[in-house]
Amino acid sequence: MSDKQNLFNKVWNLHAVGTLPSGQTQLFIGQHLIHEVTSPQAFEMLRERNLKVMFPERTLATVDHIIPTENQARPFADSLAEDMMSAIEKNCREFGITLLDLKDSRQGIVHVVGPEQGLTQPGLTIACGDSHTSTHGAFGAIAFGIGTSQVAYVLATQTLAMQRPKVRRVEVNGELAPGVFAKDVTLYIIQKLGVQGGVGYAYEYAGDVFDRMTMEERMTVCNMAIEGGARCGYVNPDQTTVDYLRGRPFAPQGADFDRAAEWWLSLASGRDAEFDDVVTFDAADIEPTVTWGITPAQSVGVTQNVPSVASFPESERKLVSEAHEYMGIGDDQPIEGTKIDVAFVGSCTNGRISDLREAAAVAKGRHVAEGVRALIVPGSQLVAKQAEEEGLDKIFTEAGFQWRAAGCSMCLAMNPDKLQGREVCASSSNRNFKGRQGSPTGRTLLMSPAMVAAAAINGAVTDVRKMLEPAAV
Amino acid sequence: MQTITQITGSGIPLLLDDIDTDRIIPARYLRCVTFDGIGEHAFEDDRQQDPNHPFNKEQFQNGKVLVAGRNFGCGSSREHAPQSLMRWGIQAIVAQSFAEIFFGNCTSLGIPAVCASRDDLKKLSAAIEANPTLEVTVDLEALAVSFGGQSISITMPEGARSALATGQWDFLAQLLDAEAGIKETASKLPYLNAFSA
Ligand code: SF4
C-alpha cells in the first residue's frame with residue numbers, strides 16, 4: 001500500500017463491495033453492535049420482508065439504555081422498558097444473535113463492551129444504531145452511528161450505502177498540564193471547531209498528545225467526534241493498541257494475534273499520508289473545560305467567564321441568548337462556583353475504570369456537599385467488578401456517592417435516573433442538550449470525571465487542580 | 001419504489017440552529033418497539049415550553065415543508081427523529097445544513113433534506129410567515145424551491161438526490177442484489193480469514 005494513503009482510505013477501500021446506482025459506496029461492515037432502543041423496528045423490517053441475518057456471528061447485542069441501575073428485578077417496573085427487553089431477547093433468539101443480557105457478566109454500555117471484549121479492533125468497519133459508535137475509532141477502526149433502517153440493512157446484508165467523507169487530521173501537540181484530561185481535549189477541540197465543524201469529515205486524531213494517551217483516553221476523545229459533527233473519528237493503531245487487545249476474549253489468539261498485530265500496525269496512516277484538511281492545536285492551551293450552554297461547543301476553561309452574547313458574531317447571538325436563558329447563566333459570569341444539584345459519573349464517554357479511578361482520587365476522604373445527589377454508574381459489569389476489587393465503590397459510598405449498576409443511566413435518562421425540574425447536573429457524559437438528562441428543563445454541565453467529583457464535593461463547579469494531591473499533580 | 005422528485009405543500013418555519021434530535025423527539029418517547037404514535041410527540045418539550053413554537057401554531061398545522069437552520073438534526077442517531085417529523089406530516093426539509101446521520105435517516109425514509117443559503121431561507125421563512133397557506137414546492141430535478149412566484153436554489157449530495165429521484169431510496173433491495181460481491185469482499189478481509197488473507 002502506498003505510504004500516501006491515510007488509514008481511513010485504506011480501511012474504506014478494503015471494505016468497498018461496489019458502487020451503487022446512486023454513486024454511493026456499498027460498504028461491508030466488519031462488526032455490528034446492537035442495543036434495545038434502535039433495533040426492534042429493524043428486526044420488524046426483516047420479518048416483513050421475510051429476510052434472515054446474513055452474518056449473525058458479526059452482530060453482538062447488549063442492553064444498556066433502559067437498564068434500571070437500582071432495582072433490576074424482572075419484569076421491570078417500567079412496562080415499556082420491559083417490552084423493549086423482551087423484544088431484544090426474542091429477536092436475538094430468533095435471528096441467532098449473541099445477546100449479553102443482564103445475567104451475563106459482560107453486559108454494559110455497548111461502546112464500553114465492544115473494546116473490553118476485544119471485538120473492537122483496528123482495520124474494522126463498525127456500525128451501531130447509536131451515534132457514539134465513533135468511540136471504537138480509538139482502535140483505528142472506521143466506526144459510525146446509523147439509523148434503524150440502516151440497522152436492518154446491516155442485519156440483512158452486512159453492508160451499508162455510504163458516501164465517502166473527506167478526512168481531516170486534528171493534531172494536538174505538546175504536554176497536557178496536570179489536571180487536564182482526555183475529556184478536556186475533546187471538549188476543547190469541539191469548542192474550537194464548532195458542533196458542525198466536522199460535517200462531511202472523518203477525523204484522524206494525531207500528534208504527541210494522542211500518541212501518549214491510553215486506549216481509554218483515546219476512546220473518550222473519539223466518543224465525542226460526533227459532537228463536533230464528524231462522521232467518525234480515529235487514532236492510528238500503535239503498540240498501545242496492540243497491548244490493550246492482547247488476551248481479550250474476542251481478540252485473535254496465539255499465532256493469529258501476531259499476524260493480526262502486524263496487519264494492524266500496517267494500517268496506520270503513512271508518513272506522507274495526504275489529508276483533505278489539517279488543523280493543529282497546542283496542548284498547553286487546554287484547561288479543565290466545562291460547558292455553560294446547550295451544545296457541547298459552548299464551553300470555557302474553568303478559570304474563565306461565560307462569554308457574553310455580544311462577544312459572538314451577529315449570526316450566533318440568537319443561539320447564545322437562548323442558551324444563557326435556558327441555563328440561567330449571564331454574560332461574563334465566572335463558570336467556577338456555579339451551583340450544582342446533581343453529579344453524574346458514567347456514560348460511554350467516561351464510565352470506564354480509569355474514569356472511576358480519577359473520580360475516586362478526588363472523592364477519597366472527602367464528602368459530597370449537602371443537598372447534592374451524586375451517582376457513580378460504571379460503564380459495564382466488568383468495570384463495576386474491577387472497581388469493587390480496587391475498593392473504589394467503598395471510597396465513593398463513604399464519600400456519599402451512590403454506587404449503581406452498569407448502564408447508560410442519566411446520560412439520557414431513559415431509565416428511572418433523571419433530573420427533576422431545573423436541576424443543574426455536573427456530568428461526565430457527552431451531551432448538554434435541552435432536556436437531555438430526563439427533565440425537560442434540566443440543565444447539564446459537561447466536564448471530566450475528576451471535575452464532576454470535585455463539583456459534587458463542593459456543591460459547585462470547582463477547578464479540580466486545587467484538589468489533586470501534589471504527588472498526583 | 002416511489003420516485004420522489006417534487007414535494008408540494010404549505011410550510012412550517014423553524015429557522016433555528018443546532019436543533020438536536022433530543023429536542024425533535026425527547027428520549028422518553030424512545031421507549032417503544034414500533035414507530036407508531038411517535039408523530040404526536042415531535043418537539044414535545046419545546047412545544048410545552050413555548051406556546052409560540054411553530055408546531056403549536058394553528059396556521060402551520062398542515063405544513064409539509066419544514067424550514068430549518070444550520071446543523072439540523074445533530075446529536076443522536078435515533079431514526080425516531082425523522083420518523084416523528086414524517087408522522088407529524090413533514091414531507092421535506094429545507095435547511096442551511098444537516099447533521100449527517102440525520103440526513104442519512106431522512107433519505108432512508110424518502111424525506112428529501114435539502115440545503116439552501118441563509119438569506120434564501122430567510123426569504124422562504126418570511127413568505128411562509130406572511131402567508132401560511134402559501135404553496136411551497138421542493139423540486140429535486142430543478143434543484144430549487146419555488147413559492148409565490150419566487151424561487152431559491154437548493155443543493156443536495158448527488159447520491160441521495162438520485163436515489164430519491166429514481167425511486168431507489170430503499171437501499172435494502174439494491175444491497176441484497178450484491179450478495180456475491182458481499183461474500184467476495186468478506187473472503188478477502190484479513191480478520192475474517194485468520195489474518196492470512
Ligand atoms: S452512555 Fe449515553 S451516549 Fe453512550 S450509548 Fe448510552 S445513552 Fe448513548
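A residue counts as near a molecule if one of its heavy atoms lies within 4 Å of it. The legends below use this meaning, and every view shows a predicted model.

**Figure 1. The residues around the ligand in chain A.**
By this cut-off, the shell around the ligand holds H65(A), I109(A), H111(A), D130(A), H132(A), S347(A), C348(A), C408(A), C411(A), L412(A), N430(A) and R436(A). Sorted by side-chain type, the shell residues are five nonpolar, five polar and two charged. The ligand sits in the largest cavity. Domain 1 of chain A covers 1-287 and domain 2 covers 290-472; both give residues to the shell, so the ligand lies between them.

**Figure 2. A salt bridge within helix α3 of chain A.**
The side chains of E94(A) and K90(A) form a salt bridge, with 3.5 Å from N to O. Both residues belong to helix α3 (residues 79-95) of chain A. They are four residues apart, which is about one turn of the helix. Partly exposed residues have a relative accessible area between 20% and 50%. E94(A) is partly exposed because its relative accessibility is 47%. K90(A), at 38%, is partly exposed as well.

**Figure 3. A salt bridge between chain A and chain B.**
E316(A) and R70(B) form a salt bridge in which the closest N and O atoms are 2.7 Å apart. E316(A) lies in the loop between β14 (299-301) and α11 (317-327) of chain A, and R70(B) lies in the loop between β3 (65-68) and α3 (80-88) of chain B, so the pair joins two chains. Are these two residues, E316(A) and R70(B), buried or exposed? Both E316(A) and R70(B) are buried.

**Figure 4. A salt bridge linking distant parts of chain A.**
The side chains of E322(A) and K434(A) meet in a salt bridge, 2.7 Å from N to O. E322(A) is in helix α11 of chain A, while K434(A) is in the loop between β18 (424-427) and β19 (443-446) of that chain. The two residues are 112 residues apart. A residue is buried when its relative accessible area is under 20%. E322(A) has a value of 19%, so it counts as buried. K434(A) has a value of 14% and is buried too. Elsewhere in chain A, salt bridges with shared partners connect E44(A), R47(A), K90(A) and E94(A) in one network. Over all chains, a search of the whole structure finds 39 salt bridges.

**Figure 5. Helix α13 of chain A and the residue G365(A).**
Helix α13 spans residues 353-363 of chain A and is mostly covered. How many of its eleven residues are buried? Eight of the eleven are buried. These are I353(A), S354(A), D355(A), L356(A), A359(A), A360(A), V362(A) and A363(A). Just after the helix, G365(A) has a positive phi of about 75 degrees.

**Figure 6. A cis peptide bond in chain A.**
R74(A) and P75(A) are joined by a cis peptide bond, with omega at about -10 degrees. P75(A) is in the loop between β4 (59-62) and α3 of chain A.

**Figure 7. L66(B) and A92(B) in chain B.**
L66(B) is part of strand β3 of chain B. With a relative accessible area of 0%, L66(B) is buried. In sequence, L66(B) and A92(B) are 26 residues apart. In space, their C-alpha atoms are 6.3 Å apart. As background to this view, chain B has eight helices and eight strands. Its C-alpha atoms fill a box of roughly 65 × 40 × 25 Å along the principal axes. Of the 197 residues in chain B, 63% are buried.

**Figure 8. Two residues of chain B with a positive phi.**
F43(B) has a phi near 55 degrees, a positive value in a residue other than glycine. F43(B) is in the loop between α1 (21-24) and α2 (44-49) of chain B. Its relative accessible area is 0%, so F43(B) is buried. L143(B) is also a residue other than glycine with a positive phi, here near 50 degrees. L143(B) lies in the loop between β6 (136-139) and β7 (144-147) of chain B. Is L143(B) buried or partly exposed? L143(B) is partly exposed because its relative accessible area is 28%.

How values were computed: Residues numbered from 1 in each chain as written. Chains lettered and ligands numbered in written order. Predicted model: local features only at pLDDT ≥ 70, side-chain atom pairs only at ≥ 80, totals over all residues. Heavy atoms only, no water. Salt bridge = Lys/Arg side-chain N within 4 Å of Asp/Glu carboxyl O. Buried < 20%, exposed > 50% of the residue type's maximum accessible area, 1.4 Å probe, protein only. 1 Å grid on protein atoms, 1.4 Å probe; cavity = no way out; pocket = protein on both sides within 12 Å on 5 of 7 lines; lining within 4 Å. Sits in = over half its atoms within 2 Å of the grid points. Nonpolar A, V, L, I, M, F, W, Y, C, P; charged D, E, K, R; others polar. Domains from an automatic or database assignment.
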